[in-house]
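Me: Could you take a close look at one part of this structure for me? I'd like one strand and its surroundings walked through properly.

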Amino acid sequence: MHRSRLLWRFIAVFACTFVLLVPHATTSAAPARPRLLVGEPGSGPPMAQAQSPSATNGIRWSDVPKRSWARTAVDYVGATYEWMRDTKQNPDGTYDFRPDQLESRELFARAAVSAFAPNEPVDATIQFSDLADDDPFYPMANVAVKLGWMTTDDNGNFAPADPVTTLMVHRALVLALGLGDVARGAQDIHMRNGTKLDTPRDFGTLLIGMRIGLRYNHSTESMDVGPNTPLPRAEVAWSLYRAATQSDWVVESLAPYATIELPNLSAAMQRVVSFGINYVGYPYVWSGEWFEPSPVGYCCGYQPVGGFDCSGLTWWILRAASSTYDPPPRDYQGWSLPQRGSAEMAASGGKVRFDDLRPGDLMFYDGNGDGVVDHVDTYIGRGWSLDSGSSVGGVSIVRVDEGWYRDHFVHGRRIIK
């Protein structure tokens, strides 16, 4: 990590707009993050609530405490339903869920198909190099591949024992919910003239998975997961639970993503948007402003994982180098943006009305209705913004010309002249 970045984060920690006393977990690898933080008190709209388990069928867990963050999800996928009840009953009548064990691809295939396509017949033409057709997991793996939820490598390997990642889980569950057209539209995000923006593989399903809350936002940030993180069973349980309890109105509200179109961007702004798109799916991290964990022993706002809060993402996308800041590796220089918190950013520069917003403008929100700006994102045109919010657990593209974002919008600010 560059020395100038370390210096800036040290300064920013003590120059932030809000003095917030928020407990954070410590790690053995690095000191605790300072209690004077540059994180944001607001983090976007509230997430739609999922239903609670209707019945636990007398199932008791040996290794999932009642106050565990994942307990509701585990009860739903392992007690109300048997989708992830993968062990035999113990002599004392309990079951082991193994919440911290990585979920294998074969177990996830069985859970997803059991939940969303239990009666789907196998396609005998689909064979795997590493999973025999008489293996008990073969039928579920076959169906998952047949439906496009999961994929094989070029040699026809299913890799049944490999762990699933966030990308894999979002893909399977978004497609299982029938949101393939919406995800394909997001994958093909383009400008009005038809020019398609470069998007990573499975970007569309990752983004839609973020929008429906498949990612859990941990208060202990070292537990937060990125797009390529191998997932423990507790995380998979949460994602499966969220997918299985989605409200129809939430699914219907995603229709605009099927035709996501931006204005014709300048070459410079196209680079900005393309750069930001690559970080969709990164977790929401309080005061986070970098794409990877801080090195061991780092002071001054240590990040246990790569990720961003709302103003940290704004910096990541837009801020230019200075004597106290080294920007991320990108193919444009950025612009002057010395303020760190959203309220501080909102108090500087001129104010732009909603109807006058242009791609690259900052958008500020008063989420609590108390007259204080507590959230910021970057406008990319035609009613869309790049945003990092705790309600969906990280970076996504959001619709800002309606709903919570439009209702709580205060003003914009133009830093790209």
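Reply: Here is a walk along one strand and its two partners, with a short look at a helix pair afterwards. Keep in mind that this is a predicted model.

Let's start with β7, which covers residues 384–389 and is mostly covered, with six of its six residues buried. In a regular strand, side chains alternate between the two faces of the sheet. In β7, Trp384, Leu386 and Ser388 point one way, while Ser385, Asp387 and Gly389 point the other way. Both sets are buried, Asp387 included.

Now the neighbours. On the N-terminal side in sequence comes β6, residues 375–381, which pairs with β7 in the antiparallel sense over three bridges. Within that pairing, Tyr379 stands opposite Ser385 of β7. The two strands make a hairpin with two residues between them, and Arg382 in that turn has a positive phi of about 55°.

Going the other way, β7 meets β8 (residues 394–399), again antiparallel, with six bridges joining them. Here Trp384 is the residue to look at, as it stands opposite Arg399 in β8. This is a hairpin too, with four residues between the strands, and Gly393 in the turn has a positive phi of about 80°.

As for the helices, the axes of α10 (residues 267–277) and α11 (residues 310–318) come within 9 Å and cross at roughly 130°, which makes α10 oblique to α11. The crossing is right-handed. Val272, Phe275 and Gly276 from α10 meet Trp316, Ile317 and Leu318 from α11. By class, that contact has five nonpolar residues, one polar and no charged ones.

Methods: Residues are numbered from 1 along each chain as its sequence is written. This is a predicted model: local features need pLDDT of at least 70, side-chain atom pairs count only at pLDDT 80 or more; totals for chains, interfaces and linings use all residues. Side-chain values use heavy atoms; hydrogens and water are left out. Buried means under 20% relative accessible area, exposed over 50%, partly exposed in between (1.4 Å probe, protein chains only). Two strands pair if DSSP finds at least two bridges between them. Axes are lines fitted to C-alpha atoms, for helices over the stretch in contact, and angles run from 0 to 180 degrees between N-to-C directions. Angles under 35 degrees count as roughly parallel, over 145 as roughly antiparallel, 65 to 115 as roughly perpendicular and the rest as oblique. A crossing is left-handed if the near helix is turned anticlockwise from the far one by less than a right angle, and right-handed if clockwise. Contact means heavy atoms within 4.5 Å. Ala, Val, Leu, Ile, Met, Phe, Trp, Tyr, Cys and Pro count as nonpolar, Asp, Glu, Lys and Arg as charged, and the others, Gly among them, as polar.
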